Amino acid sequence: MEKLYVKTKYDIKVTKVSESRINQVNFDDLPFGRTFTDHMFIVDFKDGKWQNAQIKPFGNLTLHPASNVLHYGQAIFEGMKAFKQVDGTPILFRVDEHINRLNASARRLCMAEVPAELFREAIERLVDMDREWIPTFEGSSLYIRPYIIGVDGYLGVKASETFQFIIFLCPVGPYYPKPVSLVTAQKYVRAVVGGVGEAKAAGNYAASLLPMRLANEAGYDQVMWMDAHEFKYIQEVGTMNLFFVIGDKVVTPNTDGAILKGITRKSFIDILKNKGIEVEERKISIDEVIEAHNNGELKEIFGSGTAAVVSHVADLTHKDVKMVLPPVEDRKIGNMLKKEINDIRTGVIADPFGWVEKL
Ligand SMILES: *Cc1c(COP(=O)(O)O)cnc(C)c1O
């Protein structure tokens with residue numbers, strides 16, 4: 001089972017931990033994002049090229065106090081997962097999609113792009129070194145967080161010329177998200193066409209914290225983001241894209257430049273089409289959703305994303321209208337998509353799309 005990474009010209013220097021921390025970890029209790037594996041990857045961009053690539057023991061970074069990332073926010077990230085298949089083979093999912101999106105984010109924020117071969121070798125070697133950390137029980141995985149930061153120690157507002165590309169790994173347990181209670185945004189916006197909503201840029205998430213806190217205080221779990229001009233068209237929710245099942249059709253907002261192009265979203269659209277289920281990518285207004293609900297046609301709303309895969313919506317409030325959705329057991333589409341994508345990843349069913357990459 002030793003198909004491994006292809007060595008590239010980047011010549012990654014490897015320093016292993018003297019003793020693994022894996023025995024201190026309770027794999028039956030893995031809250032998201034709090035447990036880190038033994039090693040991390042880090043490479044510098046300097047003098048116009050990526051250099052000094054290394055895998056080393058997980059630990060703190062050392063940054064110049066004037067680093068761009070700390071003041072002007074040149075920071076972008078990805079979120080992806082490694083899984084163990086039922087026969088024990090570790091796999092990665094849609095690596096090229098993540099490379100392309102990271103580099104699209106890099107271009108939008110004037111940051112150095114990472115060559116695909118470097119990204120691949122780094123992830124494959126790191127995940128291979130820490131492969132014992134990939135949990136095996138159902139629904140669990142190894143979450144992979146690649147990110148790039150601008151590290152010039154210069155206080156002027158300008159694009160950094162030096163960067164660090166870093167990857168670390170977190171084993172995560174099965175995530176059974178409770179159906180969420182949503183409220184439409186009425187005052188704050190997440191993103192506007194022409195802004196940075198399409199980039200996985202750190203600042204987007206800082207900006208969402210206050211509206212989210214206010215929604216939580218009002219008794220909701222998450223904010224449904226609306227378009228910035230009329231607060232009429234639906235964008236997405238938290239760190240997830242949105243799907244609506246109306247009658248026999250599945251509808252998801254089209255990625256108009258303000259919506260993050262989710263890879264789970266894209267995968268779900270392909271699975272639906274492959275099964276002959278009608279799926280529309282288009283503008284969807286809150287009025288249309290209310291009308292569908294009033295007509296008894298609104299069967300499901302769910303979010304899609306790497307972390308939760310599918311997150312069912314229990315209810316949605318828009319101004320003084322509260323729409324309560326049917327019980328989760330009756331949600332055919334969301335439950336089918338979750339099972340289908342998980343079965344493809346774990347090798348329970350064949351992967352007709354070429355998404356799964358065995359390590
Ligand atoms: C990451 C993210 C998503 C989901 O993308 P996936 O590739 O499916 O994980 C959706 N919306 C936002 C704002 C995100 O940051």
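In this predicted model, the largest cavity has a volume of about 50 Å³. By the rule used here, two cavities of 30 Å³ or more are counted. A helpful way to picture the largest cavity is to look at what forms its walls. Its lining is made up of M80, K81, F83, F93, H98, I263, T264, T306 and R345. Sorted by class, these residues are four nonpolar, three polar and two charged. Two elements of secondary structure each supply at least two residues of this lining, namely the strand β5 (80-84) and the helix α5 (263-274). Of the elements, β5 gives the largest share, with three residues.

Turning from cavities to pockets, the largest pocket holds about 920 Å³ of space. Several elements give two or more residues to the lining of this pocket: β7 (141-150), β8 (163-172), α4 (202-217), α5 and β15 (298-305). The helix α4 gives the most, with four residues. In total, 35 residues line the largest pocket, and F32, Y143, G238, T239 and A307 are the ones that lie nearest its centre. By class, the lining divides into 17 nonpolar, 13 polar and five charged residues. The helix α5 is worth a second look in the structure above, for it appears in the lining of the largest cavity and also in that of the largest pocket.

What, then, does the largest pocket hold? The ligand sits there. Around the ligand there are 15 residues, and the closest of them are K200, Y205, E236, T264 and T306. This shell comprises four nonpolar, seven polar and four charged residues. Two of the closest residues, T264 and T306, have already been met in the lining of the largest cavity.

The contacts between the ligand and individual side chains can be followed atom by atom. For E236, an N or O atom of the side chain lies 2.5 Å from a nitrogen atom of the ligand. The side chain of T264 has an N or O atom 2.7 Å from an oxygen atom of the ligand. In the case of R101, an N or O atom of the side chain is 2.8 Å from an oxygen atom of the ligand. Taken on its own, the ligand has 380 Å² of accessible area, and the protein covers 97% of that area.

Seen together, T264 links several parts of this picture: this residue lines the largest cavity, is among the residues closest to the ligand, and offers a side-chain atom 2.7 Å from a ligand oxygen.

How values were computed. Residues numbered from 1 in each chain as written. Predicted model: local features only at pLDDT ≥ 70, side-chain atom pairs only at ≥ 80, totals over all residues. Heavy atoms only, no water. Near = heavy atom within 4 Å. Polar contact = N/O pair within 3.5 Å; in protein donor to acceptor, adjacent residues only side chain to side chain. Areas by Shrake-Rupley, 256 points an atom, 1.4 Å probe, with all protein chains shown as cover. 1 Å grid on protein atoms, 1.4 Å probe; cavity = no way out; pocket = protein on both sides within 12 Å on 5 of 7 lines; lining within 4 Å. Sits in = over half its atoms within 2 Å of the grid points. Nonpolar A, V, L, I, M, F, W, Y, C, P; charged D, E, K, R; others polar. Points joined across faces, edges and corners; volume = space filled by probe spheres on them.
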